[in-house]
Number of protein chains: 2
Amino acid sequence: MAQKNILQYLILGLLNQSPKTGYDLKRVFEDDIGEFWQAQHSQIYPELKRLEQADRITHVELIAGTKLKKKQYSITADGIAFFDEWRYSSTSEIIASKDEFILKLYFIDSKKDAHLDAMFTEQKTLHQAKLDHLLDRRQTLFSQQAAVDAHYGHYLILEHAINREQDYLNWLTTARP
Amino acid sequence: MAQKNILQYLILGLLNQSPKTGYDLKRVFEDDIGEFWQAQHSQIYPELKRLEQADRITHVELIAGTKLKKKQYSITADGIAFFDEWRYSSTSEIIASKDEFILKLYFIDSKKDAHLDAMFTEQKTLHQAKLDHLLDRRQTLFSQQAAVDAHYGHYLILEHAINREQDYLNWLTTARP
DNA sequence: GTCTGCATGTAAGACGTTACATGATTCT
DNA sequence: AGAATCATGTAACGTCTTACATGCAGAC
């Protein structure tokens, strides 16, 4: 993860869909791809600057209302080429994940540990809430088949996020009914 | 993830099980908990120094063979108290995961994209290999019920890792049979 | 005697989060 | 009028990876 700068490819990919401001990008990270990648605005703005210096994106300044300036970024031909190189390259490594709850569990030796029930109950609540939110999003975004066809990748990854949470809940429930 | 220094708790937890050298810790990270947390030796050694300065661990020097020195670390009473505080505290946030393949998928709009088959095939191979490895480990570590009873947490998280991979493979196969 | 594994450390740089900072616009 | 949201940026700090560096021990 370190050293690969995946963020730049994500920004390029999002700008390849349509021109966007830094703030727009921030929201896409929060809403759409936050399940699989995260970025704060403090990371996005400097990266936009860097990409522009490398001639992979450009911007125009827009005025909203009477004074508010925003910078709308677009991808350049160079940027598209650079993005395509990444998107069609092989992905031969799985980025390892982290899970604090699971690690706490690792240190519990006995099935009879007095803390187990509370720990599992908390996680069930947490993951159920996450699952509910994802199901909500599927309802909002993909209740029409046309939307699935037009944004197939987005649909697939939302399905995957839903699966993942369901699987997590299943495991929690099986291990501690 | 940043700012919480979970690594220190993991080291304390592992030393709480039994005294270990930095190298021992490195191997546990590789073998046992690598599915849910990663740490290189370049992170472990400085952290051991820091924990010792804070009086949460101490070490004795052992000689292996005729010259090879190793430092065997043990947890102190302070260290145990600090560890217990963490292990029994609530875990109210899910650390978001990252997945490069999933993101590449996000940028694919059509079900008919010519790259989809190759992309899915690659991931199926990758995740199948990972699953095989995990099943192997379960066989090695937990084919005896006594082992399950003695290291219940370890058993649970290995089960979870296996579930997760099976679910990932299922999703891959369902989405692209 | 060479190769693999054991063993410990540091340095540089990339990546990521939190906090600091400022101002405009829209909704209630 | 105040709150929430839009909008852009920087600073400080913590975390993590890769690379550099060194030497002993055991197996073949």
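Here is a short exchange about the protein surface at DNA strand D and the largest pocket.

Author: This model is predicted: local features need pLDDT of at least 70, side-chain atom pairs count only at pLDDT 80 or more, and totals for chains, interfaces and linings use all residues. Side-chain values use heavy atoms, with hydrogens and water left out.

Reader: What makes a residue count as near DNA strand D, and how many surround it?
Author: A residue is near a strand if one of its heavy atoms lies within 4 Å of it. By that rule 27 residues surround DNA strand D, and A:Tyr23 and B:Ser42 are among the closest.

Reader: Why is the pairing of A:Tyr23 with DNA strand D called a polar contact?
Author: A polar contact is a pair of N or O atoms within 3.5 Å; within protein, one must be able to donate a hydrogen and the other to accept it, and residues adjacent in sequence count only if both atoms are side-chain atoms. An N or O atom in the side chain of A:Tyr23 is 2.7 Å from a phosphate oxygen of DNA strand D, so this pair fits the definition.

Reader: Which part of DNA strand D does A:His41 approach?
Author: A base: an N or O atom in the side chain of A:His41 is 2.7 Å from a base oxygen of DNA strand D.

Reader: What backbone atom pairing involves B:Ala64?
Author: A backbone N or O atom of B:Ala64 lies 3.2 Å from a phosphate oxygen of DNA strand D.

Reader: How do the atoms of DNA strand D within 4 Å of the protein divide?
Author: Sugar or phosphate accounts for 70% of them, and bases for the rest.

Technical notes. Residues are numbered from 1 along each chain as its sequence is written. Chains are lettered from A and ligands numbered from 1 in the order in which they are written.
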